[in-house]
Structure formats: C-alpha cells, structure tokens
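User: Could you walk me through this structure, please? I'm new to this, so please explain the terms as we go.

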Amino acid sequence: PPLPKPGPAIKNAIQESRDNLKAAASTTRDAVRDRVDATRALIDKRKADVQALLERKPKGPMASSTLVNLEQKREEMRLKLETKKEEAKDRLEAAKEKAKEKFGDAVQRSIGNIVDRLTKAAEGLTSIADRLDGRIKELQAQGKDMSVSVGLLTTARTDIAAAGDKIAATGAALTAALSATAPKTELPKVRDAVKAAEDALKTSKESLHKALESVRAEAAATTTAAI
C-alpha cells in the first residue's frame, strides 16, 4: 500500500505543539496573576495591621518611663541578635570545614552555596534592621513619637534572632550529615532544616516590612514624645 502523505501528520503535530504552547502560556499567566494577587493581599494586610497598631497608640506624649523600657528592650534585642548571628555563622562555617575534610569539590560547592545563601540573607536583614533603627533615632531626635516603630523593630529583631537559631540548626544538620557513615540518609533532615531557616527568614522579612511601614506613618504624624 502507498505510504501516507506526511503533510497532515506534520500539520497535526504543529497544531498540537501550538496548542500546548498556548496552554502553557495561559498557565504561566494564571500563576503570575495569582502571585501578584497574593503579594497585594499580603501588603494590604501588613498596612492594615500597622494602621491598627497606630490607632491603638495612646494619644499625647508618652511617659518617660515607658520610653526607657522600650529603649532597654530595643538594646537587649540588638545585642541578642548580634550573638545569634555569630552563633549561626560559626555553625555554618563548621559545616563548610567538615565538607573540606571529607568530600570533593562538588559537595564543597553545594554546602558552600547553602551556607552563603543563608548567611547573606541573615546579614542583609540585620543590616536593614540597623538602618531602620538609625532612622527611628533620627526621628526621635526630632521629637517624633516612634513607639510603635520601636516595638515592631524589636519584634523584627526577635524574628531575625529566631531565624539565626534555625540557620545554626541547619549548620548542625549539615555537620551531622557530613559526619555520618551514610550521609545520604541524613539529607531529609538537612532539607527540613534549610526549609525551616528559609521560612524563618521570610517571617523576619515581613516583620521588617511592617516596621518600615510604621516608620513611614509615624514620621508623617505630628504627635511628639515626651523628653
């Protein structure tokens, strides 16, 4: 029998390919739209949360004793955060050293990537917190009541410190896995530790966003704090 002409088969394959591309593009657009909507919803909620805190703030000058307590807690969290950052860094560096002792370049690069990513993320958030703190102090020197912002920044630093604990736990999990006789069996624990650290970093980032939102709002207000 004569062979079938290739024309229709090719046309069908091209049309199927086009249909697949259209479906993939539609799925991508939907996914992007969903992410945009989720981000907008998160921003709206953050603004609403901050506004609720501002509305509950006592009217008029704040008592000096309250300001002193806020400043003490603020400084305590700053020092605690520095300690946690160093602990996390030490644990991660220990994991890198263990990788150098027992494994080749590929494993060393993989461990190094994890360590560098988490370390840079934590250091970046700490740097943002420090800059926000400096801005708050500038506004307080101008007589602005920044009590809500101080409280939110303290919360953010608490969250960053908690992320530091999770990062340190990741370092410990990496070291344990690299020290095990069968490292692959420890990989699920490492993945869980990394996921926990990443989630904690996301929480810290959102807390900092709230503090920033509050700084902007309180900077625009006219109420001043007691001296």
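Analyst: Let me begin with a definition: a residue is called buried when its relative accessible area is under 20%, exposed when that area is over 50%, and partly exposed in between, using a 1.4 Å probe and protein chains only. By that rule Lys195, with a relative accessible area of 46%, is partly exposed. Please keep in mind that this is a predicted model, in which local features need pLDDT of at least 70 and side-chain atom pairs count only at pLDDT 80 or more, while totals for chains, interfaces and linings use all residues. Residues are numbered from 1 along each chain as its sequence is written, and side-chain values use heavy atoms, with hydrogens and water left out.

User: OK, and what is the mean pLDDT of the chain?

Analyst: The mean is 82, and 87% of the residues reach 70 or more, where pLDDT is the predictor's confidence in each residue on a scale from 0 to 100. Among the elements of the chain, α5 has the highest mean pLDDT, at 93, and α1 the lowest, at 76.

User: How many helices and strands are there?

Analyst: The chain has five helices and zero strands, where helices (H or I, at least four residues) and strands (E, at least two) are DSSP runs numbered from the N terminus. As for burial, 32% of the 227 residues of the chain count as buried.

User: Back to Lys195, where is it found?

Analyst: Lys195 is found in helix α5, and its side chain meets that of Asp199 in a salt bridge (2.8 Å, N to O). A salt bridge here is a side-chain nitrogen of Lys or Arg within 4 Å of a carboxyl oxygen of Asp or Glu. Both Asp199 and Lys195 lie in helix α5, four residues apart, which is about one turn of the helix. Asp199 is partly exposed, at 32% relative accessibility.

User: And how far apart are Lys195 and Ile167 in space?

Analyst: They are 9.8 Å apart, C-alpha to C-alpha, although 28 residues separate Lys195 and Ile167 in sequence.

User: How many salt bridges are found in the whole structure?

Analyst: The search finds ten. One of them joins the side chains of Lys210 and Asp49 (3.1 Å, N to O). Lys210 lies in helix α5 (residues 187–220) and Asp49 in helix α1 (residues 6–56), so this pair ties together parts that are 161 residues apart in sequence.

User: What about Glu198 and Arg117, how do their side chains meet?

Analyst: Those side chains meet in a salt bridge (2.5 Å, N to O). Because Glu198 lies in helix α5 and Arg117 in helix α3 (residues 105–141), the pair ties together parts that are 81 residues apart in sequence. Glu198 is partly exposed at 27% relative accessibility, and Arg117 is partly exposed too, at 41%.

User: New topic: which residues gather in the patch of negative charge?

Analyst: Glu86, Glu87, Asp90, Glu93 and Glu123 gather there, on the surface. Patches are made of residues with over 30% relative accessible area and no salt bridge, with like charges joined within 9 Å and nonpolar side chains (Val, Leu, Ile, Met, Phe, Trp, Tyr) within 5 Å. Asp and Glu count as negative and Lys and Arg as positive, while His and the chain ends are not counted.

User: Which helix gives the most to the patch?

Analyst: Helix α2 (residues 64–102) gives the most, with four residues. Glu86 has its place in helix α2, and Glu86 is partly exposed, with a relative accessible area of 40%.

Key
Areas by Shrake-Rupley, 256 points an atom, 1.4 Å probe, with all protein chains shown as cover. Charge placed at Lys NZ, Arg CZ, Asp CG, Glu CD.
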